[in-house]
Amino acid sequence: MAALTVTATSVVPNSTAIIDSGILGETATAGQAVYLKAADARLWLAQCDGTAAEATAVGILLSGGAAGQAARFATSGSINIGATTAKTATYFAHGTAGGVGPQTDVASTNYITRLGYATATDGTFIVDIKVTGVVV
């Protein structure tokens, strides 16, 4: 399977979302997973097939922009991720930078980082990040 196909303009927080903000280190769009790079304290696109740091997701972007711009992201709680989801499916950091994908896409040598789970097929998504640091 592939990462979720997100419509950035449809990504919105619900009432239980816990929201944080930061400065983007690269161009990103709403619905992508991000990590906080220690070297520059900026938000970069998370991915499971890079380094351990890149797999240490801190949230799902609620807004996007270019490098140097401010962005908001959900660290936990309910959002609409702006994509069709599979009800009760658990989603993980994907091999595509910023991607949110199903568990079946986590391959050998990838880090396991759970991003959350869907509660409906309409994009309702519970951000529930668990960074394991474990490689498949």
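How many helices and strands does the secondary structure of the protein chain comprise?

## Overall architecture

The protein chain has 0 helices and 10 strands; helices (H or I, at least four residues) and strands (E, at least two) are DSSP runs, numbered from the N terminus. This is a predicted model, in which local features need pLDDT of at least 70, side-chain atom pairs count only at pLDDT 80 or more, and totals for chains, interfaces and linings use all residues. Residues are numbered from 1 along each chain as its sequence is written, and side-chain values use heavy atoms, with hydrogens and water left out.

## Dimensions and burial

Along its principal axes, the C-alpha trace of the protein chain spans about 35 × 35 × 20 Å. The radius of gyration is 13 Å, which agrees with the value near 14 Å for a compact globule of 136 residues; it is taken over C-alpha atoms, and the globule rule is 2.2 Å times the number of residues to the power 0.38.

Of the 136 residues, 43% are buried, meaning under 20% relative accessible area (1.4 Å probe, protein chains only).

## Pairing around strand 10

Strand 10 (residues 124–135) pairs with strand 6 (residues 70–80) in the antiparallel sense over 5 bridges; two strands pair if DSSP finds at least two bridges between them. Within strand 10, Ile126 stands opposite Ser78.

Strand 9 (residues 111–118) also runs antiparallel to strand 10, and 6 bridges join them. Here Tyr111 has Val135 of strand 10 as its bridge partner. The hairpin of strand 9 and strand 10 has 5 residues between the strands, and Gly123 takes a positive phi near 100° in this hairpin.

Conventions:
Buried means under 20% relative accessible area, exposed over 50%, partly exposed in between (1.4 Å probe, protein chains only).
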